[in-house]
Amino acid sequence: MKSTSYTVAMDPSSRWAELVAWGPSGVEDGPSVFTNAGAVHFITEADAAPVEYAPLGLRPFSGADVSVRGGSWWRFDSASSGDSLRLAFLDELTGLRAVLCYRPVPETDVLTRWVEFENTGSSTLEFDRLGSAGVCVPTVSGARLTYLTGQWSQEFTRRSLELPAGGFRMESRFGVPGHAHVPWLAVQDASGGPAWGVSLEWPGSWSIEADVEPSGLTRIRAGRLPSPGPVLLEPGASLTTPAVALASSVDGIAGLASVWHHYDRVLAGARWRRPRPVLYNSWEATGFDVRSAHQLELAKRAADIGVELFVVDDGWFTGRDDDTGGLGDWTPAEESFGSFVDSVRELGLEFGLWVEPEAVSPKSRLYAAHPDWVYRIDGRPATLIRNQLLLDLGLPEVVAFVKSTLDTLLSAYPISYLKWDMNRPPTERGRPGSPFADLDAEHVAGYISVLDHLRSHHPHVTIEACAGGGGRTDLATVARTDVVWPSDNTGPLDRLTIQDGFLLMHAPHLMSSWVTDSPGVFDPRPRSLRFRFVTAMAGVLGIGADLSRWPTHQLAEAASLISLYKSIRGVLHHGEARVLHGPSESTAATQYTSADGDTVVVLAWSTGPLTGAPLVPGRSTRVRLGVCPESSYVDDSGARYSGVHLKYAGLPFDWTTDHDADVVILRRQGSETGNTNVGDPVG
């Protein structure tokens with residue numbers, strides 16, 4: 001890894017592997033901080049050890065990582081190394097073979113772990129717990145846990161708690177990561193300091209647990225949930241758990257966020273450098289009333305203010321006059337749809353579509369032809385959510401249909417953007433004739449197969465991941481998509497909180513954010529157009545307002561702000577992002593620094609009371625920046641600051657009722673950047 005060491009060793013009895021060191025390179029050179037120096041009473045040696053992965057038979061009291069009905073005990077079998085370290089263990093009685101896999105991700109501070117199981121015995125094995133990894137953190141005075149929680153429209157709310165003893169658990173049984181919790185956790189000692197984190201690469205049901213054990217160590221267990229369970233492994237069969245990404249930083253939570261941002265970019269490969277276009281989405285302006293003439297009017301207004309992409313949301317296809325029909329019948333409702341798309345593109349805009357490939361309406365032609373394609377339990381009524389059912393993506397014929405449908409759309413029309421939505425979890429999770437199928441894993445495999453197909457057959461298409469907002473933002477999804485929709489809530493103050501949490505887990509180039517009308521659907525608290533734009537600039541800028549109702553002066557202000565955003569987009573998406581002040585402070589601020597350090601962009605928002613100045617004595621609000629103290633900086637107005645001043649006194653902001661958000665661009669003096677555009681990279 002780039003600057004991190006992760007060291008494991010076998011225990012003297014060769015029954016398990018245990019952690020020796022995890023932290024900055026060199027931390028392994030000395031006595032292990034994980035070693036138990038005391039006697040063990042009332043528990044087993046494994047319960048007291050920093051075990052990397054153990055079955056319930058070996059670790060019966062302090063939390064095991066895998067549980068097989070009837071119990072399982074194993075011993076070390078063999079090891080191999082190359083791009084990854086592989087430690088094999090064998091239960092000679094049941095024939096269960098488990099290979100612990102470790103892969104350091106080059107040029108990052110991330111290690112991925114997973115387990116490969118094989119049934120070499122003669123009887124079927126049943127898994128009630130199927131973890132991907134167990135890992136210890138060297139806490140001393142209890143644990144400080146930082147996690148992301150909420151519900152639909154309140155996703156990614158940052159929460160922290162101190163856990164002096166006992167356990168903590170998050171999970172989702174929704175068949176997707178869900179809105180209530182995110183499969184991501186950060187751990188520090190209760191006193192603060194370095195941070196360690198886990199993030200699960202799994203778009204299905206999952207679980208993460210943290211326990212402060214009697215020795216003081218904090219042990220994290222992460223993996224998929226066998227839902228519905230148990231998961232069966234037939235003789236001669238094998239299965240692989242999802243990968244868990246492990247990260248650490250000596251720079252606390254903020255440093256850990258930077259590690260995750262870099263990992264997002266590595267997962268995307270060259271795709272992350274593609275400029276994310278400024279988009280307009282017509283949903284909030286038109287709802288299901290999608291008519292080409294009206295859509296084209298909106299597209300013209302969007303093009304005039306500098307938008308680069310026009311996306312038609314729900315309502316464009318046959319039978320979709322409301323949310324009771326149409327899903328599954330992905331044929332445009334208007335015969336002139338192709339001409340409409342061409343007209344949008346003649347405005348200089350790219351064209352995008354909303355789809356929900358996993359869903360079907362009971363009133364659709366698809367459901368009439370294939371009622372057996374949905375999850376169902378014989379004799380039980382189907383539960384409708386949003387007036388729709390969920391297709392069983394574990395069926396090969398369903399996966400083939402989805403691929404063919406998307407291929408047809410992307411071939412028939414010049415579509416460069418696809419918004420993939422998923423608006424309901426599975427309820428009657430069954431498949432008649434296959435009572436023991438691993439439905440969650442099979443759905444995930446089908447979903448990933450479709451995304452991989454899109455990536456290989458339509459590489460030019462930008463894919464946005466959405467699941468009723470932020471219900472599917474796991475690492476497996478972001479590795480295959482380009483943009484993530486964090487929440488359906490676009491209210492600017494709420495959105496600051498959502499985006500604050502999102503940036504702990506993911507990089508800004510993934511974070512789609514819209515400017516919508518104020519007061520809006522979610523947030524009646526008025527905020528200026530500038531505030532709403534600067535909020536959306538923190539990630540990938542989009543507009544979802546009804547532009548047909550905007551007066552001329554608003555359109556002109558929007559055009560100016562879009563132009564400003566384009567000029568700094570390269571720094572926002574390709575530089576280093578760090579939240580300086582969260583939305584609970586009177587001034588919220590996020591800093592973006594170019595890779596060479598020559599350009600610093602600060603987005604700031606007034607979220608609290610004003611200082612009173614100039615009516616009464618008061619001082620400017622200050623935000624301390626992470627800049628080089630030996631350098632000096634100049635902003636676009638010509639004001640000059642020493643790096644020491646910006647770092648220790650802070651950048652001043654003077655808020656008024658009319659001025660509630662700002663964008664400050666600072667350029668390091670003497671750099672070659674000068675006043676050149678710091679937007680999108682060339683090539």
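Okay, before anything else, a definition: rings of Phe, Tyr and Trp, taking the six-membered ring of Trp, count as a pair if their centres lie within 6.5 Å. With that rule, look at W316, F317, W330, F337, F340, F351, W354 and Y413, because ring pairs link these residues into a cluster.

I should say straight away that this is a predicted model. The average pLDDT for the chain is 95, and 98% of the residues score at least 70. The stretch to be wary of is 672-676, where pLDDT falls below 50. Those residues do have 9 contacts in the model beyond their near neighbours in sequence.

Back to the rings. By that same rule, the count for aromatic pairs comes to 28. One of them is W283 with F288, and that pair is edge-to-face, with 5.1 Å from centre to centre and 85° between the planes. So are those two residues buried or exposed? Neither, really: buried would need under 20% relative accessible area and exposed over 50%. W283 comes out at 27%, so we call it partly exposed, and F288 is partly exposed as well, at 22%.

While we're on rings, there are a couple of arginines to show you. R429 lies over the face of Y375, 4.8 Å from the ring centre. Then there's R527, which lies over the face of F531 at 5.0 Å from the centre of that ring.

Next, the strands. Let me start with strands 5, 6 and 7. Strand 5, residues 85-90, pairs with strand 6, residues 96-104, in the antiparallel sense, over 6 bridges. If you want a place to look, L85 stands opposite Y102 of strand 6. The two strands make a hairpin with 5 residues between them, and in the turn G95 has a positive phi of about 85°.

Strand 6 also pairs with strand 7, residues 110-119, again antiparallel, here over 9 bridges. V99 stands opposite E116 of strand 7. This is a hairpin too, with 5 residues between the strands, and E107 is the residue there that takes a positive phi, near 65°.

Now for a parallel example. There's an open sheet of 8 strands, in the order 26-25-24-21-20-19-28-27, with parallel pairing. Which strands stand at the edges? Strand 26, at 483-484, and strand 27, at 512-515. Each has a single partner strand, so one side of each is left without a neighbour in the sheet.

Moving in from the strand 26 end, strand 24, residues 417-420, runs parallel to strand 25, residues 462-465, and 4 bridges join them. There, K419 stands opposite E464 of strand 25. Helix 8, residues 439-457, packs on the sheet and touches both strand 24 and strand 25. The direction of helix 8 makes about 175° with that of strand 24.

Last stop is L564, which lies in helix 12, residues 552-574. What does L564 touch, leaving out residues up to four places away in sequence? The contacts are M537, V663 and I665. Even with those contacts, L564 is partly exposed, with a relative accessible area of 22%. And to give you a sense of scale, L564 and G134 are 430 residues apart in sequence and 46 Å apart in space, C-alpha to C-alpha.

That's my tour, thanks.

Note on methods:
Residues numbered from 1 in each chain as written. Predicted model: local features only at pLDDT ≥ 70, side-chain atom pairs only at ≥ 80, totals over all residues. Heavy atoms only, no water. pLDDT = per-residue confidence, 0-100. Contact = heavy atoms within 4.5 Å. Pairing = 2+ DSSP bridges. Helix = DSSP H or I, 4+ residues; strand = E, 2+ residues; numbered from the N terminus. Phe/Tyr/Trp six-rings, centres within 6.5 Å; stacked < 30°, edge-to-face > 60°. Buried < 20%, exposed > 50% of the residue type's maximum accessible area, 1.4 Å probe, protein only. Lys NZ or Arg CZ within 6 Å of the ring centre and 35° of its normal. Axes fitted to C-alpha atoms, helices over the stretch in contact; angles between N-to-C directions.
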